[in-house]
Amino acid sequence: MAQGIPDEVMTNTSLIKELADVAKDEALLQGVLMRTQETPNSSELVTYAPFTLFPSPVPKAVFLQALAVQTYYNTLVDKISQDTDFLQNALASTIEVDDFTARLFRIHQQILKEGKSQSVVLGLNRSDYMLDQSKDKMSSLKQIEINTFAASFGGLSSRTPDVHRHILKVAGRFEESQRILDNNPAIGLARAAAKAWELYGSERAVVMFLVEDVQRNIFDQRYIESELWKKNISTIRKRFDDVYKTGSLDQNKRLFVDGKEVAVVYFRNGYMPQNYISEQSWDARLMMERSLAVKCPDISTHLAGTKKVQQVLARPGVLENFFPGQPQVVEQIRATFAGLYTLDMGPEGDKTVAMALAAPDQFVLKPQREGGGNNIYGSEICQVLEGVKDNTERTAYILMDKINPTPVQNYLLRRDGPLTISNCLSELGVFGAYVRQGKEMVLNECVGHLLRTKSSEHSDGGVAAGVAVLDNPLLI
Ligand code: ADP
Ligand code: MG
């Protein structure tokens, strides 16, 4: 392993077995927890969240680059969310064919028509990257996507550094152990949420986590809740159904759920069509959007995180419009863009189709979906494009250059999984947090990182999807 864990450790099977046992105990001790698949809504039975036995090497320069650009990404997302014309133009072709995005867009339009009732916006996002390996062995930071909605693992990633430090020490690697960085996104995310709560301005009001029906990953959220409680801010956890049944707006559009006034709605559910199990879920979403509560994210920030918007941002001149007179900011953001291509009807989209069909292995075809497992790779790109290329259905997708990170060997520890060495690829996430009040950014921070690693056999899928596992960067 290049400048990471030496081969004599990686291939020592009895040591690996011993380390894996120690690692699982340490993960449980440190609270790197997940509920089990069998009992996802009870904490009577818990297990460790899947993680790598060893931290994975990440070049220091690109790591620092990812941290440095984060506050600019926060600003960018926030500016997009306020630019009605931009969102309208960027998503025009998408909403013709993608029902889910169209539905979100209709809520956005309704809110604009009524006028936004709350001038405070809370943004908690995560920008994800892979390190593209070029021929000259330099790795360059390329953004996979930015998650403006329910970006997860800020809680658990606050607990993983101590686990990897411990494993490395038990393996006799004291020097590497000191190179594992401190990381605590939970504190930073909670700090921003607390600021939004404070600006809302009611001691009695609570921060409501809008949660999933199936809550395996509850501990990740509990860390943020705990940080809020430490600040004497009450939190509640509610589902769409709870909001529908017990929620209401008063004449000032204050949101009450189960008798409690809600200062901040923090959405951890609602990014997939399946999350809206009935029309009532949509009614609940609309009620929250219309309310005086601070939304994280609000509907327009949700739309700013779509893959179509990401593709439009990569067009020449678009970033410049968001950062007039700030060429160095534009340059820093653009340096992280991979090639992104439109599939809109017309000659440019036709060119994209031809390019993808000619070399499908060099691209990823992406629909407007979140949560892992939706992207299309390799020969399947041809199958899908052949079916849609002559009609507007193709505009539901964007095309992206495939990023090729260098595989690194590691062991992925997951409950009941075999202890085998795998070729792995990593994805670096950086957490951003901001609060805006009217025109003024009152908080804009980079609050930590997340490294996720998966076996290179899988082209797609995150930790929640059961593909990737938690990791830590070992800076080299
Ligand atoms: P989702 O919203 O489903 O998380 P992503 O765009 O993050 O969608 O893609 C899911 C996964 O697919 C990523 O975590 C990454 O492993 C893989 N992936 C996405 N885009 C690319 C790309 N351009 N090159 C290589 N892998 C990619
Ligand atoms: Mg993703």
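In this predicted model, the side chains of aspartate 128 and asparagine 147 are joined by a polar contact of 3.0 Å. Aspartate 128 belongs to strand S5, which covers residues 120–133, and because its relative accessible area is 1%, under the 20% limit, it counts as buried. Leaving aside residues up to four places away in sequence, aspartate 128 touches Lys142, Gln143, Ile144, Glu145, Asn147, Glu427, Leu428, Gly429 and Arg452. Two of these neighbours, Glu145 and Glu427, are also named among the residues closest to ligand 1.

**The surroundings of ligand 1**

Ligand 1 is surrounded by 21 residues, and the closest of them are Glu145, Lys307, Lys366, Gly372 and Glu427. Sorted by class, this shell holds six nonpolar, five polar and 10 charged residues. Strand S6 (139–147), strand S14 (363–367) and strand S16 (397–401) each contribute at least two residues to the shell. Three side chains place a polar atom at a short listed distance from an oxygen atom of the ligand, as the table shows.

| Residue | Distance from a polar side-chain atom to an oxygen atom of ligand 1 |
|---|---|
| Lysine 307 | 2.7 Å |
| Asparagine 375 | 2.9 Å |
| Glutamate 427 | 2.5 Å |

Taken alone, ligand 1 exposes 540 Å², and the protein buries 94% of that area.

**Two domains**

Where does ligand 1 lie with respect to domain 1 and domain 2? Both domains give residues to the shell around ligand 1, so the ligand lies between them. The protein chain is divided into domain 1, made of residues 7–338 together with 412–475, and domain 2, made of residues 339–402. The C-alpha centres of the two domains lie 26 Å apart, and the contact between them takes 28 residues from domain 1 and 24 residues from domain 2.

**Helix H6**

Helix H6 runs over residues 160–170, and its buried residues are Thr160, Pro161, Val163, His164, Arg165, Ile167 and Leu168. An α-helix has 3.6 residues a turn, so residues three or four places apart point the same way. The buried residues of H6 pack against helix H2 (13–30), strand S3 (51–52), helix H7 (174–177) and strand S20 (469–471). After H6 comes glycine 172, whose phi is positive, near 80°.

**Two partly exposed residues**

Is methionine 272 buried or partly exposed? Its relative accessibility is 21%, and because the buried class ends under 20%, methionine 272 counts as partly exposed. Methionine 272 is placed in the loop between strand S11 (260–267) and helix H11 (279–290). Not counting residues up to four places away in sequence, methionine 272 touches Phe100 and Glu370. The C-alpha atoms of methionine 272 and serine 42 are separated by 23 Å, and these two residues stand 230 residues apart along the chain.

Glutamine 409 lies in strand S17, which spans residues 408–413, and with a relative accessible area of 39% glutamine 409 is partly exposed. Glutamine 409 and glutamate 445 are 36 residues apart along the chain, and their C-alpha atoms are separated by 33 Å.

Notes. Residues numbered from 1 in each chain as written. Chains lettered and ligands numbered in written order. Predicted model: local features only at pLDDT ≥ 70, side-chain atom pairs only at ≥ 80, totals over all residues. Heavy atoms only, no water. Buried < 20%, exposed > 50% of the residue type's maximum accessible area, 1.4 Å probe, protein only. Helix = DSSP H or I, 4+ residues; strand = E, 2+ residues; numbered from the N terminus. Contact = heavy atoms within 4.5 Å. Near = heavy atom within 4 Å. Polar contact = N/O pair within 3.5 Å; in protein donor to acceptor, adjacent residues only side chain to side chain. Areas by Shrake-Rupley, 256 points an atom, 1.4 Å probe, with all protein chains shown as cover. Nonpolar A, V, L, I, M, F, W, Y, C, P; charged D, E, K, R; others polar. Domains from an automatic or database assignment.
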